[in-house]
Amino acid sequence: MERSEIHSVEASPGSYGKWNPNSILGGALVILAGVFLFYVIPNYINLPPFMQNPLLSPRFLPQLAGWIVLVLAALLLIEGLLNPPEREEAEALRAGVPLLRQGLMVAAGVVYVLFFEQLGAIGSGVLASVLLFLASNLRNPWVYALAIAFPVVVSLLFVHVLNVPLPIGTLWE
């Protein structure tokens with residue numbers, strides 16, 4: 001190959017090339033969704049012996065969510081391979097976000113996952129929502145009422161309408 005041909009195969013300095021954040025994240029999510037759909041759901045979600053309506057199956061919503069994630073991840077992977085983002089665009093998106101805001105967003109996810117059993121669905125949801133609202137730099141105190149109301153309403157809907165048992169929390173028992 002000549003020098004000009006080698007240079008045309010490589011990525012330009014302003015772009016990521018074939019292995020960019022979109023293609024890497026899309027590929028990782030395709031793999032995770034595949035494992036979820038073809039290993040976790042069949043092996044760990046049992047079907048009742050007499051299922052009259054497949055929409056009421058305990059596998060229906062996890063399969064639906066898994067297929068949606070799989071399709072969206074595949075689209076992200078394809079988009080990343082065919083149209084890689086420019087480095088400047090990605091760096092410009094991240095440049096204005098303070099580290100405290102990023103830390104609060106990560107902390108919200110960690111709090112929700114780690115304290116789900118101890119604080120219950122409502123307690124961990126309220127705490128995670130408050131952290132996300134703080135990360136969004138919202139200053140109106142009335143908006144923080146949504147941080148309480150939204151997790152309470154969603155949890156009560158899951159428990160009383162959809163009949164999905166959610167933990168109350170070991171701290172409250």
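A residue is termed buried when its relative accessible area is under 20%, exposed when the value is over 50%, and partly exposed in between. By this scale Y39, with a relative accessible area of 44%, is partly exposed. The model described here is a predicted one, and the following paragraphs proceed from the whole chain to single helices and residues.

The secondary structure of the protein chain consists of seven helices and zero strands. Read from the N terminus, the order of elements is therefore α-α-α-α-α-α-α. The chain has 173 residues, of which 23% count as buried. Its accessible surface amounts to about 12,600 Å², and carbon and sulfur atoms account for 71% of that area. Contacts across the sequence were also examined. Among contacts between residues at least 6 apart in sequence, 62% join residues at least 24 apart.

Helix α2 offers a detailed example. This helix covers residues 21-44 and has a kink of about 35°, centred on F36. The buried residues of α2 are S23, G26, G27, A33, G34, L37 and I41. The spacing of such positions can be read against the geometry of a helix. An α-helix has 3.6 residues a turn, so residues three or four places apart point the same way. The cover over the buried residues of α2 includes α3, a helix formed by residues 60-82.

S23 illustrates the buried side of this helix. The residue is found in α2 and counts as buried because its relative accessibility is 1%, where the limit is under 20%. When neighbours within four places in sequence are left aside, S23 is in contact with K18, L77, G80 and L81. A further comparison concerns S23 and E79, which stand 56 residues apart along the chain, while their C-alpha atoms are separated by 7.4 Å.

Aromatic side chains were considered next. A pair of aromatic rings is described by the distance of the centres and the angle of the planes. The count in this model comes to four aromatic pairs. One of them is formed by F38 and W67, with 5.8 Å from centre to centre and 85° between the planes, an edge-to-face arrangement. F38 lies in helix α2 and W67 in helix α3, so the pair ties together parts that are 29 residues apart in sequence. The two partners fall into separate accessibility classes: F38 is exposed, with a relative accessible area of 57%, whereas W67 is partly exposed at 42%. Another pair joins Y39 and Y44, whose ring centres are 6.0 Å apart and whose planes meet at 75°; the pair is edge-to-face because that angle is over 60 degrees. Within this second pair, Y39 is partly exposed at 44%, and Y44 is exposed at 56%.

The end of helix α5 was examined through two of its residues. V113 is found in this helix, which spans residues 99-114, and counts as exposed because its relative accessibility of 61% lies over the 50% limit. The C-alpha atoms of V113 and A128 are separated by 9.4 Å, although these residues are 15 places apart along the chain. L114 also lies in α5 and is exposed, with a relative accessibility of 55%. From L114 to S124 the sequence separation is ten residues, and the distance in space is 8.7 Å, C-alpha to C-alpha.

The loop between α6 (116-135) and α7 contains N137. The phi angle of N137 is near 65°, a positive value in a residue other than glycine. At a relative accessible area of 40%, N137 is partly exposed.

Beyond this loop, attention turns to the surface. A nonpolar patch of about 560 Å² is made by V153, L157, F158, V159, V161, L162 and V164. One of these residues, L162, is placed in the segment after α7, the helix of residues 144-161. L162 has a relative accessible area of 51% and is therefore exposed. Membership of a patch requires over 30% relative accessible area, so the value of 51% for L162 satisfies this requirement.

Note on methods:
Residues are numbered from 1 along each chain as its sequence is written. This is a predicted model: local features need pLDDT of at least 70, side-chain atom pairs count only at pLDDT 80 or more; totals for chains, interfaces and linings use all residues. Side-chain values use heavy atoms; hydrogens and water are left out. Patches are made of residues with over 30% relative accessible area and no salt bridge: like charges are joined within 9 Å, nonpolar side chains (Val, Leu, Ile, Met, Phe, Trp, Tyr) within 5 Å. Accessible areas come from the Shrake-Rupley method with a 1.4 Å probe; for residues, only the protein chains shown count as cover. A salt bridge is a side-chain nitrogen of Lys or Arg within 4 Å of a carboxyl oxygen of Asp or Glu. Helices (H or I, at least four residues) and strands (E, at least two) are DSSP runs, numbered from the N terminus. Buried means under 20% relative accessible area, exposed over 50%, partly exposed in between (1.4 Å probe, protein chains only). Rings of Phe, Tyr and Trp (its six-membered ring) pair if their centres lie within 6.5 Å; planes under 30 degrees apart count as stacked, over 60 as edge-to-face and the rest as tilted. The bend at a residue is the angle between axes fitted to the seven residues ending there and the seven starting there. Contact means heavy atoms within 4.5 Å.
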